[in-house]
Amino acid sequence: KASSTVTLGMPVTRDASTGHVLDATTGQAAYGIAIDGGTAAEHVRICLSGGPVQVKVGTAGATLDLFASVGTTGAIDQTFGGGTTVCHGLGKFTQTGVSGDLVGLMVNLFEGVKA
């Protein structure tokens, strides 16, 4: 179920108190990708792993074959390594896109570090 608004293609996280899903925000560890959109209490489908699945591109854009993480308005390019800041990965983009596009993502949720 949706805890609040869930956007089609948006990375989602779980509400700690209810276990329901809601749109993830920058830097959060995603639980999956929304296959459906919905509002509070509606049932929505979530891709938990695998893919490809369509994901909404955030303002920083998406590039074919680069890793993805959660940005403010969707999934964005992310470079991992070379630092100590923890970052949560979503997988790899299978297409290039600009803010608001829906592009392919091979879902593989993981945690790494970045500069």
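**Pairing up the strands**

Biologist: What makes strand 1 (residues 11-14) and strand 3 partners?

Modeller: They run antiparallel and are joined by 2 bridges. Two strands pair if DSSP finds at least two bridges between them, so these two qualify. Pro-11, for instance, has Ile-33 as its bridge partner in strand 3. Mind you, this is a predicted model, where local features need pLDDT of at least 70, side-chain atom pairs count only at pLDDT 80 or more, and totals for chains, interfaces and linings use all residues. Residues are numbered from 1 along each chain as its sequence is written, and side-chain values use heavy atoms, leaving out hydrogens and water.

Biologist: Why is strand 4 (46-47) called a strand?

Modeller: Strands are DSSP runs of E with at least two residues, numbered from the N terminus, so residues 46-47 make the cut.

Biologist: How do you know that strand 3 (residues 32-34) pairs with strand 4?

Modeller: They share 2 bridges, in the antiparallel sense, and that meets the pairing rule, so they count as a pair. Here Ile-33 turns up again, with Cys-47 as its bridge partner in strand 4.

Biologist: And what is the strand order in that open sheet?

Modeller: The 4 strands go 2-1-3-4, with antiparallel pairing. Strand 2 (21-23) and strand 4 are the edge strands, each pairing on one side only.

Biologist: Why are strand 5 (50-56) and strand 7 (74-77) at the edges of the other sheet?

Modeller: The order of those 5 strands is 5-9-8-6-7. Strand 5 and strand 7 each have a single partner strand, so one side of each is left without a neighbour in the sheet.
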